[in-house]
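Here is a short round of questions and answers on one protein model. Keep the structure open while you read.

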Amino acid sequence: MAFSATLRAAPVVTDAAAKTQGQGLRRFRKGHPATAPLKLRFRARPAGNSTVRGRVVVCGSFGGSPASKQGEQAAQDEVISANAIRFKDTQKVVSKDDDDVEGQLQDQLLDLKEGDTLSITVVGGSGDLARKKIFPALFSLFYQGYLPKHFTIFGYARSKMTSEEFRSKILERLGCRIDLHQSNEDCEEIMQRFLSRVFYQPGAYDEVDGYRNLHNALKTEEAGYQRANRLFYLSIPPSIFVDAAKGTSIGATSETGWTRVIVEKPFGRDAESSAKLGSDLAKYFEEEQIYRIDHYLGKELVDNLMVLRFSNLIFEPLWSRQHIRSVQIIFSEDFGTEGRGGYFDNYGIIRDIMQNHLLQVLALFAMEVPASLDADDVRDEKVKVLRSMETISLDHVVVGQYRAANGNPGYLDDETVPTGSICPTFAATTLFVNNARWDGVPFLMKAGKALDK
């Protein structure tokens, strides 16, 4: 995927224009000074001609603090300077030419010791998500030197196929997307080295015996190492998360090293089902073994939001209601469900995109400086933002569904979508964070599929 960030001027949002966005923007203040909105825009290009666009738009006055606030501003600048130093100190630089140092760093990050090996199992390995996203991502980590020296990767799914057939399917999606001029190998050679460590094991998701067979296959590849650590990525529908966790815990847990499981969103349909999923997973794994992830946070611009805020002496002093008039968080795709309507119709655009991906971006954007970059400290600050948010009113929500246009099919034309579905493919809402930094600033959140722009 290619990403770009641009800084550009845009027209001021007037009160009249704000009203057309919905009554949720009622708090725009009249007589606000002219502004030059800051647009941070990233664009991801998946395979084919489809594009996924995301944008964070900050509208506000970036002119300097009033004279009456100079003392307060000076004190704030001292705090920001200290935070900038702290965040910069956390960035460890490793020479790409020093393979030994880099390999040691990756082993430390993964809690690996000399004589250890890492086995990564993608449960649901034959599915679209695994083939299109997960295995290309693992390959990217491999050719950039971010996987440990000793590792194997297994795909586990119900489909019957050999390891060689599985490698052929994965190969269709692999590609080198960085400059390899420093390497003596070409991309094809690197692909073959990666694929030589990839295997496949067929089995049912809800039968422990299948995971016992997987365990035996893993042991064969782990032979000769002192400690075998295992990582299981659940690339399967949420409805069978617990079955897979049970089978993994009972039938495929490492006998000599650690075992960890990665669960990706959605974590249930609502608070009740999310809590039940958490309690069911806890029957088979300790909390320290469970990694809940949101892949959207891996996008480059989202990943750099904290650096942009806390290491930037220009932006951070202005990152508040005194200088920012509104914030827009926009997600748009120029393609529809394309055969994934069966999954999408069970969740809709709000559950699929807004309440996880975009809410995470909002929390990162609006949170205060964490005590450290430790995951728990960052989480605590994001939770404070969420607890400060007003309950959303239906009067401040707009939903829609795309129709056939310009030769492109509509949502209901997808054969996998139930007849007459009213599932929204577009939604927009306004949120408010009631704390000292953001009181009165509207956060406009939009997400949609099959949009022109």
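Q: In this predicted model, is Glu368 buried, partly exposed or exposed?
A: The relative accessible area of Glu368 is 31%. Buried needs under 20% and exposed needs over 50%. Glu368 is therefore partly exposed.

Q: Which residue forms a salt bridge with Glu368, the closest N and O atoms being 2.8 Å apart?
A: Glu368 is in the loop between helix 13 (348-366) and helix 14 (375-387). Its partner sits in the loop between strand 11 (426-432) and strand 12 (442-448), so the pair ties together parts 69 residues apart in sequence. The residue bridged to Glu368 is Arg437.

Q: Is Arg437 buried or exposed?
A: Arg437 has 13% relative accessibility. The cut-off for buried is under 20%. Arg437 therefore counts as buried.

Q: Which residues are linked with Glu368 and Arg437 in a network of salt bridges?
A: Glu368 and Arg437 form a salt bridge. The network takes in this pair and two further names. Those are Arg309 and Glu316.

Q: How are helix 13 and helix 14 oriented to each other?
A: Their axes come within 9 Å and cross at roughly 105 degrees. Angles of 65 to 115 degrees fall in one class. Helix 13 and helix 14 are therefore roughly perpendicular.

Q: How many nonpolar residues are in the contact of helix 13 with helix 14?
A: Helix 13 brings Leu359, Gln360, Leu362, Ala363, Leu364 and Ala366. Helix 14 brings Lys382, Val385 and Leu386. By class, 1 is polar and 1 is charged, and the nonpolar residues number 7.

Q: How are helix 7 and helix 8 oriented to each other?
A: Helix 7 covers residues 208-222 and helix 8 covers residues 241-251. They pack at an angle of about 50 degrees, with axes 8 Å apart. That angle is neither under 35 degrees nor in the range 65 to 115. Helix 7 and helix 8 are therefore oblique.

Q: Which residues of helix 7 make the contact with helix 8?
A: Helix 7 passes helix 8 in a right-handed crossing. On the helix 8 side, the contact uses Asp243, Ala244, Gly247, Thr248, Ile250 and Gly251. By class, the contact has 4 nonpolar, 4 polar and 2 charged residues. The helix 7 residues are Val208, Tyr211, Arg212 and His215.

Q: How many residues apart are Arg227 and Asp116?
A: Arg227 and Asp116 form a salt bridge, with the closest N and O atoms 3.0 Å apart. Arg227 is in strand 6 (residues 227-234) and Asp116 in strand 3 (residues 116-123). Asp116 counts as buried, at 6% relative accessibility. The pair links distant parts of the chain, 111 residues apart.

Q: Which side chain meets Glu287 in a salt bridge?
A: The N to O distance is 2.7 Å. Glu287 is partly exposed, with a relative accessible area of 46%. The partner counts as partly exposed too, at 40% relative accessibility. The side chain meeting Glu287 is Arg292.

Q: How many salt bridges does the structure hold?
A: The pairs above include Arg227 with Asp116 and Glu287 with Arg292. They belong to a protein with 14 helices and 12 strands. The salt bridges in the structure number 17.

Q: What percentage of the residues count as buried?
A: The protein has 453 residues. Among contacts between residues at least 6 apart in sequence, 77% join residues at least 24 apart. The buried share is 47%.

Key
Residues numbered from 1 in each chain as written. Predicted model: local features only at pLDDT ≥ 70, side-chain atom pairs only at ≥ 80, totals over all residues. Heavy atoms only, no water. Axes fitted to C-alpha atoms, helices over the stretch in contact; angles between N-to-C directions. Helix = DSSP H or I, 4+ residues; strand = E, 2+ residues; numbered from the N terminus. Parallel < 35°, antiparallel > 145°, perpendicular 65-115°, else oblique. Left-handed = near helix turned anticlockwise from the far one by under 90°. Contact = heavy atoms within 4.5 Å. Nonpolar A, V, L, I, M, F, W, Y, C, P; charged D, E, K, R; others polar. Salt bridge = Lys/Arg side-chain N within 4 Å of Asp/Glu carboxyl O. Buried < 20%, exposed > 50% of the residue type's maximum accessible area, 1.4 Å probe, protein only.
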